[in-house]
Amino acid sequence: MIGGVAGGALIGWVLDRVFGTSPLLLISLLILGTVGGFWNIIRVSTGRPG
């Protein structure tokens, strides 16, 4: 989960610096990374391959 959040934040920060859209992409990708991390936790805890 930490990897998804940190990766989303890092990629969002870099893209914000490149495109000058500060904090739009950072926040968007941070939320997307958080959702992905929780999705993986739920997938692993239910035991269903997915």
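**Notes on a two-helix model**

1. Starting at a helix end: H2 is followed by Gly47, and the phi of Gly47 is positive, near 80°. Keep in mind that this is a predicted model.

2. H2 itself covers residues 24–46. Its 23 residues should span 33 Å at 1.5 Å a residue, and the end C-alpha atoms are indeed 33 Å apart, so the length agrees with expectation.

3. H1 takes in residues 2–19, 18 of them. From first C-alpha to last, H1 reaches 25 Å, close to the 26 Å expected at 1.5 Å a residue. After H1 comes Gly20, again with a positive phi, this one near 70°.

4. Which residues of H1 are buried? Gly8, Gly12 and Asp16 are. Looking down the axis of H1, the buried residues fall within an arc of 60°, so they line one face of the helix. The spacing fits the usual rule: an α-helix has 3.6 residues a turn, so residues three or four places apart point the same way.

5. What do those buried residues of H1 pack against? The partner is H2. Over on the other side of H1, you'll find Ile2, Gly3, Leu10, Arg17 and Val18 exposed.

6. As for the whole chain, the secondary structure comes to 2 helices and 0 strands. The C-alpha atoms fill a box of roughly 40 × 15 × 15 Å along the principal axes. The radius of gyration is 13 Å, whereas a compact globule of 50 residues would have one near 10 Å.

7. On burial, 10% of the 50 residues count as buried. The chain exposes about 3900 Å², with carbon and sulfur atoms supplying 75% of that area.

Terms used. Residues are numbered from 1 along each chain as its sequence is written. This is a predicted model: local features need pLDDT of at least 70, side-chain atom pairs count only at pLDDT 80 or more; totals for chains, interfaces and linings use all residues. Side-chain values use heavy atoms; hydrogens and water are left out. Helices (H or I, at least four residues) and strands (E, at least two) are DSSP runs, numbered from the N terminus. The expected span of a helix is 1.5 Å times one less than its number of residues. Buried means under 20% relative accessible area, exposed over 50%, partly exposed in between (1.4 Å probe, protein chains only). The arc is that of the directions from the helix axis to the C-beta atoms. Contact means heavy atoms within 4.5 Å. The radius of gyration is taken over C-alpha atoms; the globule rule is 2.2 Å times the number of residues to the power 0.38. Accessible areas come from the Shrake-Rupley method with a 1.4 Å probe; for residues, only the protein chains shown count as cover.
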